[in-house]
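Me: I am new to this structure and would like a close look at a single part of it. Please set out the surroundings first and then take me to that part.

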Amino acid sequence: MKFFLVLSVVVLAIWLWRSNRESQPGSKPKNPPTSRAPLEMVGCDLCQVHVLVADAVQGKKGFYCCQEHRQRAES
Ligand SMILES: [Zn+2]
């Protein structure tokens with residue numbers, strides 16, 4: 001009975017060790033999507049609201065949150 005108990009503990013330990021080893025390399029290549037391409041933020045020159053570069057309106061003097069602010073700042 002003692003031998004069976006030791007054997008079951010060893011088998012359980014090996015199973016845990018193997019399942020840990022299998023899960024580690026699989027999770028490593030997965031990079032969090034946030035670290036891949038951080039989206040750049042720019043502040044509107046008129047109201048200082050921060051918007052993404054892709055959504056910002058570029059004027060002669062800088063970036064703006066919308067066309068209205070670009071016209072107000074540059075006219
Ligand atoms: Zn603005």
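Reply: Of the 75 residues in the chain of this predicted model, 5% count as buried, and that is the setting for what follows. The chain holds three helices and four strands, and their order along the sequence reads α-α-β-β-β-β-α. Among the contacts between residues at least 6 apart in sequence, 9% join residues at least 24 apart.

The part to look at closely is the loop between β1 (41–43) and β2 (50–52), where Gln-48 is found. Gln-48 counts as exposed because it has 8 C-beta neighbours inside 10 Å, and the limit for that class is 12 or fewer. The backbone of Gln-48 also deserves attention, since its phi is near 65°, a positive value in a residue other than glycine. Most residues other than glycine have a negative phi.

From the loop, one can turn to helix α3, which covers residues 67–74 and includes Arg-72. Arg-72 and Leu-46 are separated by 26 residues in sequence, while their C-alpha atoms are 8.1 Å apart in space. Arg-72 itself is partly exposed, because 13 other C-beta atoms lie within 10 Å, a count that falls between the limit of 12 or fewer for exposed residues and that of 20 or more for buried ones.

How values were computed. Residues numbered from 1 in each chain as written. Predicted model: local features only at pLDDT ≥ 70, side-chain atom pairs only at ≥ 80, totals over all residues. Helix = DSSP H or I, 4+ residues; strand = E, 2+ residues; numbered from the N terminus. Contact = placed C-beta atoms within 7 Å.
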